[in-house]
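Trainee: I should like to go through this protein step by step, beginning with its overall make-up. May we look at the structure together?

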Amino acid sequence: MPYTINGIGTTYYGRREPEADGSYITTEWVVFFYLPIVPIGSFRVLPIRDSQSFFEFEVDKEYYVTGVPLHWKQIGNIYLISMAAIGSIVAASNVLRRQPIISSAIPSSSSVVSPEPIASNVSNQSAQKSSPPSALTSFSTSATPTIQQPSKRIANEIKTPTFTPAKPIHERPKVADNGSMFPSTSNYIRGYSQYATAGLSSLTIDNSQNSSDAFIKVVIAGSEKSVKPIRVVFVKAHESFTIKEITAGNYAIKYLNLDEGSRSLSEPFELKEDKTDDGTIHYTNIRITLYKVQNGNMHSTPIDENEF
């Protein structure tokens with residue numbers, strides 16, 4: 001497992017080819033002050049303990065590790081990023097060395113606009129004998145200079161700015177709420193029992209026009225909180241999944257958008273099974289889309305985390 005002391009040692013850099021279970025390909029490097037020097041090997045890793053990250057570089061984490069061939073494209077990108085970072089630091093230091101020193105000296109009188117002449121009741125002779133005014137002196141035609149105070153109206157309009165706290169960033173869950181990993185393809189999630197399996201009806205979850213994976217629970221309508229779900233499935237983005245052999249009855253689905261974190265509950269729907277006199281059985285096949293469609297006839301309502 002990579003280990004560094006004061007930025008010297010080995011560590012994983014890079015993230016490539018992520019899977020739905022949270023694993024990805026990374027490369028282990030010999031580092032000097034966290035700068036990648038020599039690649040040791042590439043691995044598919046599954047983080048099992050959170051930590052701080054530095055850009056795409058993961059420092060001092062614990063993983064499930066599987067060896068893979070050296071990922072040369074990832075290695076080349078890491079070298080490019082390192083060279084760009086070093087170049088930026090050198091350029092910034094050069095700019096700071098060349099930065100001029102700003103003097104706080106009082107400007108000379110030549111840069112100050114000449115004041116208006118004093119009132120005409122002063123004689124030319126007395127004006128010549130008196131000492132010239134300072135270039136920074138303010139002039140007025142009255143004997144006592146006046147200072148204009150800001151009006152109360154303007155003062156009352158100065159308000160302390162208010163700040164709205166930023167909305168916390170949603171972190172995509174790595175496992176289902178029973179602790180099982182999400183499968184790599186659309187399928188049932190391990191660890192959940194299946195109920196209501198004596199029927200012929202089916203339910204298709206259509207996620208084909210969404211860019212986010214979906215965590216789905218099919219529940220008995222009207223008992224969402226008190227009864228366990230009859231089926232629990234994972235549906236990847238841009239895919240669909242059909243749940244088969246469902247007993248006739250009234251159901252609803254709970255839907256968690258794994259990337260956004262939004263949770264919804266659908267309206268109830270009915271799966272029917274009818275047997276005709278000639279022995280033919282008619283059963284229901286329903287398709288539910290996880291995106292809006294024109295002339296759609298099913299609505300959903302947002303739910304809280306504790307309702308999912």
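Trainee: How many helices and strands does the protein have?

Mentor: Please bear in mind that this is a predicted model. Of the 308 residues of the protein, 30% count as buried. The secondary structure consists of three helices and 19 strands.

Trainee: What share of the contacts with a separation of 6 or more comes from residues 24 or more positions apart?

Mentor: Contact here means heavy atoms within 4.5 Å. Among the contacts with a separation of 6 or more, the share for residues 24 or more positions apart is 61%.

Trainee: Which element supplies the largest share of the nonpolar surface patch?

Mentor: The patch covers about 850 Å², and its members include I8, V30, I37 and I86. At least two residues each come from strand 3 (24-32), strand 4 (35-47) and helix 1 (72-98). The largest share, four residues, is that of strand 4.

Trainee: Is F33, a member of that patch, buried or exposed?

Mentor: F33 sits in the loop between strand 3 and strand 4. Its relative accessible area is 55%, and the cut-off for exposed is over 50%. Therefore F33 is exposed.

Trainee: Which residues touch the most other members of the largest nonpolar core?

Mentor: This core has 19 residues, and strand 9 (201-206), strand 10 (214-220) and strand 13 (249-257) are among the strands that each supply at least two of them. Leaving aside neighbours within four places in sequence, the contacts of L203 include V218, F241, I253 and F269. The residues touching the most other members are L203, I216, I253 and F269.

How values were computed: Residues numbered from 1 in each chain as written. Predicted model: local features only at pLDDT ≥ 70, side-chain atom pairs only at ≥ 80, totals over all residues. Heavy atoms only, no water. Buried < 20%, exposed > 50% of the residue type's maximum accessible area, 1.4 Å probe, protein only. Patch = residues over 30% accessible without salt bridge, like charges linked within 9 Å, V, L, I, M, F, W, Y side chains within 5 Å. Areas by Shrake-Rupley, 256 points an atom, 1.4 Å probe, with all protein chains shown as cover. Salt bridge = Lys/Arg side-chain N within 4 Å of Asp/Glu carboxyl O. Core = buried A, V, L, I, M, F, W, Y, C linked by side-chain atoms within 4.5 Å.
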